[in-house]
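Trainee: Could you show me how to read cavities and surface patches in a model such as this one?

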Amino acid sequence: MAVKNVNVLLAGGGIMSSTLGVLLRQLDPLLTITMVEKLDDVAEESTSGWNNAGTGHAAYCELNYTPETADGGIDASKAFAINESFERTLQFWSYLIHQQALPEPTSFINATPHLSFVWGEKNVSFLRKRFAAIGEHHMFAGMEYSEDPAVLREWMPLVMDGRDPAQPVAGTRVKHGTDVNFGSLSRSMVGYLQNSDNFDLLLKHSIHGLEKQSDGKWRVSVRESGSFASKHIIADFVFLGAGGAALQLLQASGIAESVGYGGFPVSGQWLVCKKPEIVSQHLAKVYGKASIGAPPMSVPHLDTRIIDGEKALLFGPFAGFTTKFLKRGSFMDLFASIRPANLWPMLKVGMSSFDLIRYLITEVMQSHADRMNALREYFPNAKDEDWTLATAGQRVQIIKKDPQKGGKLEFGTEVISAADGSLAALLGASPGASVTVTAMLQVLEKCFPEKMASAEWKAKLKEMIPSYGRSLTNDAELLKQIRQDTLSTLGLIDTGETMQAPEAAVV
């Protein structure tokens, strides 16, 4: 039986694996890399354009990243971390554009203002405090705040037209927000890898076994769709970036670090409008406040989407529950992931998540009329016949052991790696694709520590991501220089335009 030897095996053909593959190719062109994808093309699951919100998450508009504290203040720590993570991502994409490793930026990213919008005195008070907490910081330069309905109508006419003029409202806006087609981006990055040496893409192949050999390498069994014959790949390093399937592959690896992890699958649906006369009136991603018990991925928002040149409006997501870990997965996925070590954490999460479970049941039971009523809170004049329902991708939230609670549900992303650095997996969901570069840098730091400490890799990382090793949160001048380059390179501001000074604007 033929056995193939490679330096790196990437499980999954989405944004995570493609980003790690390109990073490694840039750092060491001699590495042999194989990517294994179950479907007949890359980026068809969670990374696909219609399977996610396409928001370049920078914490400009996502209110769940700035929760209110018990004493009535605002905890902005997560917002700063996410903003800096997205800045690293923009730097990497800009570098690839300069290297002509990616096509024109409009093929995957477009300027789309990021807005927060709330109504009611309590929510207006919250947004006012949020703006005071982050609006004057250089990371959020250019953010505008207004409680004036006339100003808000200029920012988001569909949201304001037909609204009760007596209703207290407030909004913030950052003009250089983004809409990202992560599917197109991933396909372009995989295309770049295919045009380089020492890269193989195995489509319609699934991983059916992971075995650690005595020499520290991994023997990976793969099988082509429709075939019972297995191929074997010996890999120095394995990355499991297969979306919801990453948990099951991590469990199959048997590494000690995987023990106790479980998954909570959440599905989603969107209302979609493609009527040009409506779509043309809205250019923004407008985020509101989540319902009580709703997971972060279910924060309601009314978005402009640009996917493969087609413009549309999207509202949602409406969450649901299924036992699948992938949109094209099996209803047995959840049950197959249960192990003695994660059973108790999963039961504890189930027993303590009544608000979430109630929310999911309510969402599943909604009719089209119910969903349209939710939309009309953001678009008062919306008509039923203009909107259709579309199914989004699956998200598997992390369940892990907790010394105090027995188990807890995590809504972020997490890198799990073997102690010897020979295998790593990316679990979780929001903010997901937007922090891919930061997540993959964590993989490199955990799994290639000696290489990352070398002068050669350090210099290349600084070339690709100029802020690497420095804090943009603390260095206003560095951020200004970098942001000017990234936003102009990616077409998010006019080339002659300069970034605004880091001062808040109330209009």
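Mentor: We take the cavity, then the nonpolar patch. This is a predicted model, in which local features need pLDDT of at least 70 and side-chain atom pairs count only at pLDDT 80 or more, while totals for chains, interfaces and linings use all residues. Residues are numbered from 1 along each chain as its sequence is written, and side-chain values use heavy atoms, with hydrogens and water left out.

Trainee: How many cavities of 30 Å³ or more does a search of the whole structure find?

Mentor: Rolling a probe the size of a water molecule over the atoms shows where empty space is left. A cavity is a set of points, on a 1 Å grid over the protein atoms alone, where a 1.4 Å probe fits but cannot get out. The search finds one of 30 Å³ or more, and the largest cavity holds about 50 Å³, a volume being the space filled by probe spheres set on the points, which are joined across faces, edges and corners.

Trainee: Which residues line the largest cavity?

Mentor: Lining residues have an atom within 4 Å of a point; here they are Ala58, Tyr60, Phe86, Glu87, Leu90, His176, Thr178, Arg483 and Leu487. Helix H2 (77–98) and helix H16 (476–489) each give two or more residues, with H2 giving the most, three; helices are DSSP runs (H or I, at least four residues), numbered from the N terminus.

Trainee: Which residues make the nonpolar surface patch?

Mentor: Patch residues have over 30% relative accessible area (Shrake-Rupley method, 1.4 Å probe, only the protein chains shown counting as cover) and no salt bridge (a side-chain nitrogen of Lys or Arg within 4 Å of a carboxyl oxygen of Asp or Glu), and nonpolar side chains (Val, Leu, Ile, Met, Phe, Trp, Tyr) are joined within 5 Å. Met332, Phe335, Ile338, Leu343, Trp344, Leu347, Met351 and Phe354 make a patch of about 820 Å², to which helix H10 (residues 340–352) gives the most, with four residues.

Definitions and conventions:
Patches are made of residues with over 30% relative accessible area and no salt bridge: like charges are joined within 9 Å, nonpolar side chains (Val, Leu, Ile, Met, Phe, Trp, Tyr) within 5 Å. On a 1 Å grid over the protein atoms alone, a cavity is a set of points where a 1.4 Å probe fits but cannot get out, and a pocket is an open set with protein on both sides within 12 Å along at least five of seven lines; lining residues have an atom within 4 Å of a point.
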